[in-house]
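Student: Hi, I have just opened this entry and have not looked at it before. Could you go through it with me, one piece at a time?
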Amino acid sequence: MFFLRYPLRPLTHLGRVVLCIALSLLAAVLMLISPPSQADDSQALPAQSPYFAVDSADPSVDRLPLKSTSVDVRIAGVIADVTVTQHYRNEGQRPIDARYVFPGSTQAAVYAMSVRLGDRLLTAHIEEKQQARIQFDAARKQGKTTALLEQERPNVFQMNVANILPGDDVAVELRYTELLTPTDAQYGFVFPTVVGPRYNSPQGAAAQEKWIATPYLREGVAPSAGFELKVSLDSPLAVKDVVSSSHEIEVEGLGSRHAQVTLASDRSDRPHGNRDFILGYRLAGDRIESGLMLFRGERENFFLAMVEPPKAIATAQISPRDYIFVVDISGSMHGYPLETAKELLVHLIGGLRASDTFNVMLFSGSNRMLSPASVPATRANIDQALRTIAQMGGSGSTEIVPALKRIASLPKQPDVSRSVIVVTDGYVSVESEVFQLVRKNLNQSNVFAFGIGTSVNRHLIEGIARAGQGEAFVVTKPEQAAAQAERLRRMIDSPVLTQVKARFEGLDVYDVEPQQLPDVLGGRPVVLFGKWRGDATQPTQGKLIVEGRTAEGAYRSELSTGERETQTTSALRLLWARQRIATLSDQEALEGGQQQKAAITELGLRYSLLTQYTSFIAIDQVVRNSNPALTPTVDQPSPLPEGVSALAVGAEVPSTPEPAAWLALLVVMGIVVATVATQRRR
Amino acid sequence: MHQVILTTRAARWEHRLDAVPPIAWLALQAAALWTHWRWAAARLADGSDDPLGLAALCVLLWAVARLAPDMRSKPRPAWLAAALGLSVAATASVFLSPPLMGAILAALALACGLRAFMPSDRACLPLAGLAVLALPLVSSLQFYAGYPLRVVTAQASTWVLQLIGMDASRAGASMQVDGRLIIVDAPCSGVQMVWMAYFCACAVAVVTQLSDRRFVRALPFVGLLVMVGNIVRNAVLVGLEATHANVSPANHQAIGLVVLALVCLSVVAVVRGERDARA
């Protein structure tokens with residue numbers, strides 16, 4: 001022993017006694033207060049951002065519980081009724097809870113949900129959102145199979161299914177209805193299949209919203225879940241020109257009043273479930289189903305009016321305009337979406353008149369204007385702008401709010417009309433802030449929004465257009481760029497109908513939506529929802545009169561209610577409520593906070609509709625999982641939308657890291673040892 | 001020869017205290033500060049810091065073991081008081097400051113205790129340096145000094161690349177070189193090189209028995225060498241990345257190790273230079 005061999009030497013008395021007492025005290029104090037050994041990171045909030053899914057280290061857990069989604073669409077006239085069935089099957093050895101974030105149509109009125117578990121059918125009921133969450137958590141902890149459907153955005157939903165036992169096949173069926181509004185006599189039905197990865201601004205109100213932290217499969221990896229869709233079209237007029245710009249389809253009954261559409265197996269093996277399904281069709285004679293539909297309910301009666309607008313007539317006098325193009329060049333736009341956007345800008349900017357002025361803002365994490373102020377749309381200026389845009393590559397985050405604030409602060413000539421044209425995929429989480437900003441600060445301009453890509457965030461695009469009194473466009477591929485640019489030009493040059501007003505004669509209506517009709521910029525009908533009072537025993541008589549101004553002068557259109565009452569349009573009550581909720585949500589976005597929470601919750605509960613404040617919940621009363629506390633939650637990964645690169649989630653940027661610590665230490669120790677050796681030789 | 005016969009109980013206890021070797025007193029002091037070492041060990045065990053400190057600890061223990069036979073039987077009161085004061089401060093810091101600050105005070109307290117027993121012709125500062133380097137320092141250094149180091153490295157590398165005709169600019173700790181974005185992120189800051197170079201300086205100073213004064217004089221040169229070394233390493237790697245040369249991770253490592261070796265050899269030369277100047 002070292003200490004025993006060491007010769008004992010005396011210490012001075014004072015030093016030893018003082019040291020001994022002090023060290024004893026120190027040891028005692030430290031023993032009592034011994035601090036936690038881990039660094040305290042309890043204040044650090046986790047980042048809520050999309051991420052790439054990684055394979056499980058535990059093979060007994062099924063990380064891909066969603067096996068398939070099947071969609072059954074029934075379109076009757078202008079109303080679509082959609083049934084979406086999600087099949088969850090646990091092929092692992094451990095029970096799991098599944099979470100799946102999926103998209104929906106922006107206009108969807110989700111009104112029912114049911115869960116089929118083996119031979120049992122559980123019907124979900126609507127609940128206030130927090131209450132539903134409490135019930136779900138309680139049932140989950142008790143080991144009961146339960147499903148909760150929540151709305152995160154009008155077009156983003158989250159499904160939670162708890163306690164899926166090994167071998168379970170859980171089919172969750174949800175139903176929604178929506179109104180199909182034609183544009184230029186072309187009807188369209190869109191079924192989104194994937195939520196694009198959202199950039200979550202740390203400064204945004206949604207920074208801590210957990211649904212945004214959704215896993216994504218790597219670029220080029222096909223979705224793990226199957227996708228089937230069929231559409232049944234019933235129309236009073238023959239259906240023609242049934243096309244899909246997104247998928248290969250097979251159509252039966254073309255030219256008749258009943259057509260069936262199914263997905264065809266794609267020749268290039270493209271998966272079906274990684275982009276919006278977009279279906280377009282026309283009716284015989286390029287007519288639209290205009291008119292006034294009445295529904296007589298048990299307690300309330302509803303109506304829907306759709307008025308075909310007059311044809312656009314080019315005005316002789318076209319006043320010069322100032323165009324500001326706001327172009328998203330963030331990581332999610334990299335590649336195909338940005339190439340599509342560039343093609344669009346070639347047509348938009350290239351088609352400006354010499355009397356117009358323009359400027360371009362490119363934004364991602366930061367933003368920059370191509371010119372300090374708007375420049376005349378001369379050939380040289382246009383070519384210069386297009387050359388600069390052509391060199392851009394997509395990278396970085398999507399700070400759209402600072403970009404729009406800068407646009408709002410740009411000086412504007414009082415006698416020049418300004419159009420702001422936003423070009424983006426919409427993969428952000430700050431929709432409300434954007435709508436508020438557009439409505440409050442860009443109200444002196446018309447704001448048009450172009451959604452670029454195969455799975456655009458249509459809630460943002462449509463919301464910007466609505467808030468900015470403009471129009472929304474979606475361009476899924478470069479070939480559509482010229483036509484959409486031309487459509488915008490026509491719309492700006494010759495608005496179809498302004499100062500639109502609607503009134504009813506002979507029909508006692510109330511709760512009409514929208515309360516103020518927007519200008520009709522082109523190709524879209526005027527749509528009105530509302531309620532009416534009437535004697536249940538008497539046929540309803542009355543008429544709707546729509547008035548406004550066109551390029552040729554005053555406009556007036558009448559629709560009679562006679563013989564238009566029907567008992568088959570019960571969806572009108574849901575569509576009215578959905579429209580009222582949208583109006584209240586817009587109002588709430590403008591005011592900030594949750595001012596309309598009570599009103600929206602009341603509507604959701606009364607009409608059994610999914611809203612931001614109400615959720616569907618279904619609970620099995622049988623306790624099936626004996627150990628729910630140890631049941632892992634599995635986040636179902638989504639595929640990256642077709643054409644969207646990995647940069648949308650995050651990409652590796654080269655850096656210059658130091659060598660591995662152990663290698664570096666070996667080198668340094670080698671040098672030290674060599675120094676010792678040479679020292680000894682000396 | 002006279003022998004004192006201890007007749008009282010107190011006197012016998014006093015004699016036993018006098019008989020305790022210096023190394024045991026140091027061990028007792030270290031034990032009194034145990035909670036700081038426990039924190040350091042937990043930091044290493046939970047992976048929140050690289051276990052580089054173990055190397056410094058090994059060298060420190062080796063150096064103390066070499067010194068032990070020559071330790072003074074009568075400690076210097078001034079250094080003993082300093083050891084006591086720092087031990088109290090380390091204990092008080094548990095209430096007042098982050099755990100790392102307390103651990104540094106504890107390491108310095110131990111170094112003062114060592115100094116109290118060390119022969120007067122031996123240097124203590126390199127040992128104090130090793131005691132501090134034995135703590136889990138790198139992550140905290142990265143947190144507090146990482147960003148400034150990254151910015152300085154990025155800016156100096158930008159100038160170097162501009163000098164050789166490349167189109168380089170810096171924004172924050174990122175560089176845009178010939179249209180390519182390259183980030184100087186935390187692992188590029190040079191903090192690890194700082195630790196390696198100072199560890200090398202302390203170890204070589206112990207081996208060469210450099211005096212405290214000359215050791216202190218060498219330290220600024222060590223800092224300068226690290227800064228230059230990291231800028232050269234970063235500029236070379238950024239230059240290669242910007243030219244789209246496919247630099248494999250192994251080549252990244254190799255370049256980093258070569259530069260580190262050059263820096264450490266220069267540190268050895270500086271320390272030896274100081275020693276030779278002494279001679």
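Student: Let me start with a small detail: in β33(A), what is the bridge partner of A:I126?

Tutor: The partner of A:I126 in β33(A) is A:F616, and please keep in mind from the start that we are looking at a predicted model. That bridge belongs to a pairing in which strand β7 (residues 125-128) of chain A and strand β33 (residues 614-623) of chain A run antiparallel, with four bridges between them.

Student: And how many bridges join β8 of chain A to β33(A)?

Tutor: Strand β8, residues 144-153 of chain A, is joined to β33(A) by five bridges, again in the antiparallel sense. Within β33(A), A:I619 is the residue that stands opposite A:T146.

Student: Okay, zooming out, how is chain A divided into domains?

Tutor: Chain A has domain 1, made of 61-285 plus 609-635, then domain 2, made of 291-312 plus 497-601, and domain 3, which covers 321-493. Between domain 1 of chain A and domain 3 of chain A, the C-alpha centres are 31 Å apart, and their contact takes 21 residues from domain 1 and 20 residues from domain 3. On the domain 1 side of that contact there are eight nonpolar, eight polar and five charged residues.

Student: Which residues have the most contacts inside the largest nonpolar core?

Tutor: That core has 166 residues, and the ones with the most contacts inside it are A:F325, A:V326, A:I421, A:V423, A:F450, A:I464 and A:L609. Helix α10 of chain A, residues 571-591, gives the core its largest share, which is nine residues. As general background, nonpolar side chains in soluble globular proteins tend to be buried together.

Student: What is A:L609 in contact with, leaving aside its neighbours within four places in sequence?

Tutor: With those neighbours set aside, its contacts include A:A109, A:V110 and A:Y111, as well as A:L574, A:A577, A:R578 and A:I581. Apart from the core that A:L609 belongs to, there is another one of 76 residues, which has among its members A:V667, B:A56, B:A111 and B:V138.

Student: Changing topic, does A:S645 count as buried or exposed?

Tutor: A:S645 counts as buried because it has 20 C-beta neighbours inside 10 Å, and 20 or more is the cut-off for being buried. It lies in the loop between β34 (633-635) and α12 (661-681) of chain A, and, not counting residues up to four places away in sequence, it touches A:E219, A:H334 and A:G335.

Student: Now chain B, please: how many helices and strands does it have?

Tutor: Chain B has 11 helices and three strands, and along the sequence the pattern reads α-α-α-α-α-α-α-α-β-β-β-α-α-α. Its C-alpha atoms fill a box of roughly 90 × 45 × 30 Å along the principal axes, and 45% of its 279 residues count as buried.

Student: Where do the domains of chain B begin and end?

Tutor: Domain 1 of chain B runs over 1-136 and domain 2 over 137-279, with their C-alpha centres 32 Å apart. In the contact between them, 19 residues of domain 1 of chain B meet 17 residues of domain 2 of chain B.

Student: What supplies the largest share of the domain 1 side there?

Tutor: The largest share of the side of domain 1 of chain B that touches domain 2 of chain B is six residues from α7(B). By class, that side has 15 nonpolar, two polar and two charged residues.

Conventions
Residues are numbered from 1 along each chain as its sequence is written. Chains are lettered from A and ligands numbered from 1 in the order in which they are written. This is a predicted model: local features need pLDDT of at least 70, side-chain atom pairs count only at pLDDT 80 or more; totals for chains, interfaces and linings use all residues. Domain bounds come from an automatic or database domain assignment. Two residues are in contact if their C-beta atoms, placed from the backbone, lie within 7 Å. Ala, Val, Leu, Ile, Met, Phe, Trp, Tyr, Cys and Pro count as nonpolar, Asp, Glu, Lys and Arg as charged, and the others, Gly among them, as polar. A nonpolar core is a set of buried Ala, Val, Leu, Ile, Met, Phe, Trp, Tyr and Cys residues joined through C-beta atoms within 7 Å. A residue is buried if 20 or more other C-beta atoms lie within 10 Å of its own, exposed if 12 or fewer, and partly exposed in between; C-beta atoms are placed from the backbone. Helices (H or I, at least four residues) and strands (E, at least two) are DSSP runs, numbered from the N terminus. Two strands pair if DSSP finds at least two bridges between them.
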